[in-house]
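Thanks for coming, everyone. I would like to take a few minutes to walk through one model, starting inside a single chain and then moving outward to the places where the chains meet.

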There are 4 protein chains.
Amino acid sequence: MTPTPAYIAETSFHVRYAETDAMGVVHHASYIVYLEEGRSHYARSRGTSYAEFERGGLILVVAEVQARYHRPAYYDDRLTVRCWIEHMGTRGLTFAYEIIRAATDEKLVTAHTRHICIDRNGQVTRLPEAWRTWGHS
Amino acid sequence: MTPTPAYIAETSFHVRYAETDAMGVVHHASYIVYLEEGRSHYARSRGTSYAEFERGGLILVVAEVQARYHRPAYYDDRLTVRCWIEHMGTRGLTFAYEIIRAATDEKLVTAHTRHICIDRNGQVTRLPEAWRTWGHS
Amino acid sequence: MTPTPAYIAETSFHVRYAETDAMGVVHHASYIVYLEEGRSHYARSRGTSYAEFERGGLILVVAEVQARYHRPAYYDDRLTVRCWIEHMGTRGLTFAYEIIRAATDEKLVTAHTRHICIDRNGQVTRLPEAWRTWGHS
Amino acid sequence: MTPTPAYIAETSFHVRYAETDAMGVVHHASYIVYLEEGRSHYARSRGTSYAEFERGGLILVVAEVQARYHRPAYYDDRLTVRCWIEHMGTRGLTFAYEIIRAATDEKLVTAHTRHICIDRNGQVTRLPEAWRTWGHS
């Protein structure tokens, strides 16, 4: 049996000047924000929004970030963030990512982020069912 | 004689979570980065790129920023930055901006930024002719 | 009658690499964050904290920012932010600032920010009396 | 034989408002910048500066970041970044970190960053000897 391939959300944008640093390249912390934008787009492309999720009284806390930097990006580069669910649990999930230079298809960054669902009182809680089905394409 | 209306460049994007602050709204410094993105888009939409400008050995230094904050923006809001040239000089220029919530057309921020053209040696110098014609629509 | 000179709060810190950009200097939006740090320090040095202010149900909204950039700062530079109250109103106030390179005493940025006091319901309201006396040294 | 304990550099600062997000806590990407500040301070406390390192024609590229988020930090919290060298190679090194709330000594974030030394031509090269001795306390 082959596994069902994950749904992959892709979003593209230009590198902003503020996101570069004195080395002349995109600062490594800026990519962490790009990953987040990848997740936001994932939710939007699934027909919902992380903003709605929070309005429903739940928060998806970032428990872990792991990123590998393969090649630099530069100001004004068009980047594509590919984002998919690598692991779906009952109370948390793991997203995986690739950040690609759109013009050359070079892989710049690969990353994972692990998240835990908590409620208004800070208690770890079950992910809503609508999110739990996201792992499937 | 009526003045020639300025060319206006518009670009839109979603507010990123990292751009918000503990008040629950977009942090005021994030808009300064949005203005820059408006300028970058202005250059792109004029058929060039600020990256090329810098590769040509010139830098457009920010000499002054002035921004008025009228209404807050929130995570995931779709914003539109409208950017045009308010004043074109021989060695510098002033951009004007409006940042608008796309869904409601509300004006959130109005701003101006003043720039001076310098060369590799840090000397104030003439703007290239290609840029000097930008003020016209 | 000579006016009472304003109380001036000074705080110093090193430029972080993330705050620089591809021009090799501190990005102009980073200084807007330094101004905020200057205000935070102002409150601390007056024996309170803006965090307490917010816990009291009030928010000091940024209504306007105006900054002039005189000279660049570089990674690892030690900067000093001098912050004082330029105008104190009943429902708002204006801070003024100088950002200085500590090693050379050069003035890098001068700025003003205007703020309005609002309550939990978003209504403009009176500044607490404890803050209103801050203008005096 | 017991291993020589690593030299640990500690630096402290207040959380800036701009570093928080709409959850009311420090945004997870802000800690990545704090780690960098920890490294900068490490170099300073060893009697040199990463700025000098770069002036010498070398760059310490970030190859990997891994961070675990244990507890949130809030605006105006005083944080301490503890930074030490976990592994020293000939052409790269790994820093380890703890970020602690100074008032309560709670561990908020633990992290590692892996770096590679490159020269002006982008070639991987040997770390200078002065840096290679840093692993020892």
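**From a hairpin to two interfaces**

Let me begin in chain C, where strands β4(C) and β5(C) form a hairpin with 4 residues between them, and where Asp105(C), which sits in the turn, has a positive phi of about 65°. Please keep in mind throughout that this is a predicted model.

The two arms of that hairpin, β4(C) at residues 92-101 and β5(C), run antiparallel and are joined by 10 bridges. If you want a pair to look for on the screen, Phe95(C) stands opposite Thr113(C) of β5(C). Strand β5(C), residues 106-119, also pairs with β2(C), residues 58-69, again in the antiparallel sense and here through 11 bridges. On that side, Glu64(C) has Arg114(C) as its bridge partner in β5(C).

Now let me turn to the contact between chain A and chain D, which takes 21 residues from chain A and 21 residues from chain D. Together the two chains bury about 1,800 Å², and 58% of that area lies on carbon and sulfur atoms. As for the polar side of this interface, there are 2 salt bridges between chain A and chain D, and one of the pairs in question is Arg68(A) with Glu64(D), whose closest N and O atoms are 3.8 Å apart. The count of residue pairs in polar contact between these two chains, with both residues at pLDDT 80 or more, is 8.

Which elements of chain A supply at least two residues each to the side that touches chain D? They are α1 (28-45), α2 (50-55) and β2 (59-69), and of the contributions to that side β2(A) gives the most, with 10 residues. Sorted by class, the side of chain A facing chain D has 12 nonpolar, 3 polar and 6 charged residues.

Strand β2(A) does something further here, in that it pairs with β2 of chain D, residues 59-69, in the antiparallel sense over 5 bridges. Within that pairing, Glu64(A) stands opposite Arg68(D) of β2(D).

What rotation superposes chain A on chain D? It is one of 180°, with 0.0 Å of shift along its axis and an RMSD of 0.0 Å, which means that the two chains stand in the relation of a two-fold axis. Within chain A, the C-alpha nearest that axis belongs to Gln66(A), at 2.2 Å. Because 100% of the interface residues of chain A are also interface residues in chain D, the copies meet through the same surface.

The second interface I want to describe is the one between chain D and chain C, which takes 18 residues from chain D and 18 residues from chain C. The area buried there is about 1,800 Å², with carbon and sulfur atoms giving 45% of it. On the chain D side, the residues that lose the most area to chain C are Arg16(D), Tyr17(D) and Tyr75(D), which together account for 36% of what that side buries.

Between chain D and chain C the count is 4 salt bridges, and a pair to look at is Arg16(C) with Glu19(D), where the closest N and O atoms are 2.9 Å apart. Across this interface there are also 14 residue pairs in polar contact, with both residues at pLDDT 80 or more.

On the side of chain D that touches chain C, at least two residues each come from β1 (8-14), α1 (28-45) and α2 (50-55), and α1(D) gives the most to that side, with 6 residues. By class, the residues there divide into 8 nonpolar, 3 polar and 7 charged.

As for the geometry of this second pair, chain D is superposed on chain C by a rotation of 180° with 0.0 Å of shift along the axis, at an RMSD of 0.0 Å. The C-alpha of chain D nearest this axis is that of Phe13(D), which lies 4.4 Å from it. Here too a single surface serves both copies, since 100% of the contact residues of chain D recur in chain C.

I will stop there, and I am happy to go back to any part of the model.

Terms used:
Residues are numbered from 1 along each chain as its sequence is written. Chains are lettered from A and ligands numbered from 1 in the order in which they are written. This is a predicted model: local features need pLDDT of at least 70, side-chain atom pairs count only at pLDDT 80 or more; totals for chains, interfaces and linings use all residues. Side-chain values use heavy atoms; hydrogens and water are left out. Contact means heavy atoms within 4.5 Å. Buried area is the accessible area (1.4 Å probe) that two parts lose on being put together, summed over both. A salt bridge is a side-chain nitrogen of Lys or Arg within 4 Å of a carboxyl oxygen of Asp or Glu. A polar contact is a pair of N or O atoms within 3.5 Å; within protein, one must be able to donate a hydrogen and the other to accept it, and residues adjacent in sequence count only if both atoms are side-chain atoms. Ala, Val, Leu, Ile, Met, Phe, Trp, Tyr, Cys and Pro count as nonpolar, Asp, Glu, Lys and Arg as charged, and the others, Gly among them, as polar. Two strands pair if DSSP finds at least two bridges between them. Copies are superposed by least squares on the C-alpha atoms of residues with pLDDT of at least 70 in both.
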